[in-house]
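Dear colleague,

Please find below the sequence and the structure that I am handing over to you. My findings follow directly after them.

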Amino acid sequence: MSESIEPIVAQELDTLGFDLVELRRGGSRARPVLEIRIDRRDGEKITIDDCARASRALEARLEADALVAEQYVLEVSSPGADRPLRNAAEWRRFIGRRATVTSPLLAGGKQEVEILALDGEAGAEVAVVRDPKGREVHVPLREITQARLAFHWKR
């Protein structure tokens, strides 16, 4: 179900000025749970009011188009500290931050790295990262299967 509703959710959020960061489906067939992570385009932090506004709009659209079961749970929240990095714009936005990246081009296939830069032409971008040993590694975005910002609690 999440694949079929993702474009509709993204379109509805777009009209409100939000980006869809992540859509996850859980729960059961009789009572599905839709977890939706949103972000603001202006770079400000997502507020509770933003989530409530998006939730009301999404609920109305999903129910009007009968895209969900009668009994469902809709959870709308910020992307969180470990948000996914899905496109070149997000990689650029988080230069200087640390991310956990899965790619066959990294030692062990998965490493926590520091994002140094994003180079290359549109559609052929290459992430420049620093690995745990301090080496600079160039990883084409198309070779990254998953990337999330890394978050560490301060002690």
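I begin with a hairpin. Strands β6 and β7 form this hairpin with five residues between them, and Gly 134 in the turn has a positive phi of about 85°. Please bear in mind throughout that this is a predicted model. The pairing of β6 with β7 is antiparallel and runs over five bridges. Within the hairpin, Arg 130 has Glu 136 of β7 standing opposite.

The loop of this hairpin also holds Asp 131, placed between β6 (126-130) and β7 (136-140). Is Asp 131 buried or exposed? Its relative accessibility is 6%, under the 20% limit, so Asp 131 counts as buried. Leaving aside residues up to four places away in sequence, Asp 131 touches Gln 111, Val 113 and Val 137.

Two of the residues touched by Asp 131 lead on to other parts of the model. Gln 111 lies in β5, where it stands opposite Val 101. Val 113, for its part, is one of the residues that line the largest cavity.

Strand β4 and its partners come next. β4 (residues 98-102) has two faces: Ala 99 and Val 101 make up the covered one, while Arg 98, Thr 100 and Thr 102 make up the uncovered one. β4 runs antiparallel to β5 (residues 110-119), to which five bridges join it. On β8 (residues 146-149), β4 has another antiparallel partner, joined by four bridges. Thr 100, from the uncovered face of β4, has Arg 148 as its bridge partner in β8.

Which residues line the largest cavity? They are Trp 91, Val 101, Leu 106, Val 113, Ala 127, Val 129, Val 139 and Ile 144. Val 101 thus appears here as well as on the covered face of β4. By class, the lining has eight nonpolar residues, with no polar and no charged ones. The space in this cavity is about 30 Å³, and the structure holds one cavity of 30 Å³ or more.

A further sheet is built from β1, β2 and β3. These three strands form an open sheet in the order β1-β2-β3, with mixed pairing. β1 and β3 (73-77) are its edge strands, each pairing on one side only. Direction ignored, neighbouring strands of this sheet are turned by 20° against each other on average. As general background, strands of a sheet pair through backbone hydrogen bonds, either parallel or antiparallel. Nine bridges link β1 and β2 in the antiparallel sense, and Phe 18 stands opposite Arg 40 in β2. Helix α2 (residues 48-64) packs on this sheet and touches β1, β2 and β3; the direction of α2 makes about 145° with that of β3.

Between α2 and β3 there is a loop, and Ala 66 has its place in it. Although Ala 66 is not a glycine, it has a positive phi of about 55°. With a relative accessibility of 63%, over the 50% limit, Ala 66 therefore counts as exposed.

Finally, I turn to the pockets. The largest pocket holds about 280 Å³ of space. Its lining comprises 14 residues, and Asp 39, Lys 45, Pro 79, Gly 80 and Arg 93 lie nearest the centre. By class, five residues of this lining are nonpolar, three are polar and six are charged.

The second largest pocket holds about 160 Å³. Among the residues lining it are Asp 19, Val 21, Asp 39, Arg 40, Arg 41, Arg 86, Glu 90 and Arg 93. Asp 39 and Arg 93 are therefore found in the linings of both pockets. Arg 40, named above as standing opposite Phe 18, also belongs to the lining of the second largest pocket. Which element gives the most to this lining? That element is α3, with three residues. At least two residues each come from β1 (18-27), β2 (32-40) and α3 (88-93). The classes in this lining are two nonpolar, two polar and eight charged residues.

With kind regards

Notes:
Residues are numbered from 1 along each chain as its sequence is written. This is a predicted model: local features need pLDDT of at least 70, side-chain atom pairs count only at pLDDT 80 or more; totals for chains, interfaces and linings use all residues. Side-chain values use heavy atoms; hydrogens and water are left out. On a 1 Å grid over the protein atoms alone, a cavity is a set of points where a 1.4 Å probe fits but cannot get out, and a pocket is an open set with protein on both sides within 12 Å along at least five of seven lines; lining residues have an atom within 4 Å of a point. Grid points are joined across faces, edges and corners, and a volume is the space filled by probe spheres set on the points. Ala, Val, Leu, Ile, Met, Phe, Trp, Tyr, Cys and Pro count as nonpolar, Asp, Glu, Lys and Arg as charged, and the others, Gly among them, as polar. Two strands pair if DSSP finds at least two bridges between them. Axes are lines fitted to C-alpha atoms, for helices over the stretch in contact, and angles run from 0 to 180 degrees between N-to-C directions. Contact means heavy atoms within 4.5 Å. Buried means under 20% relative accessible area, exposed over 50%, partly exposed in between (1.4 Å probe, protein chains only).
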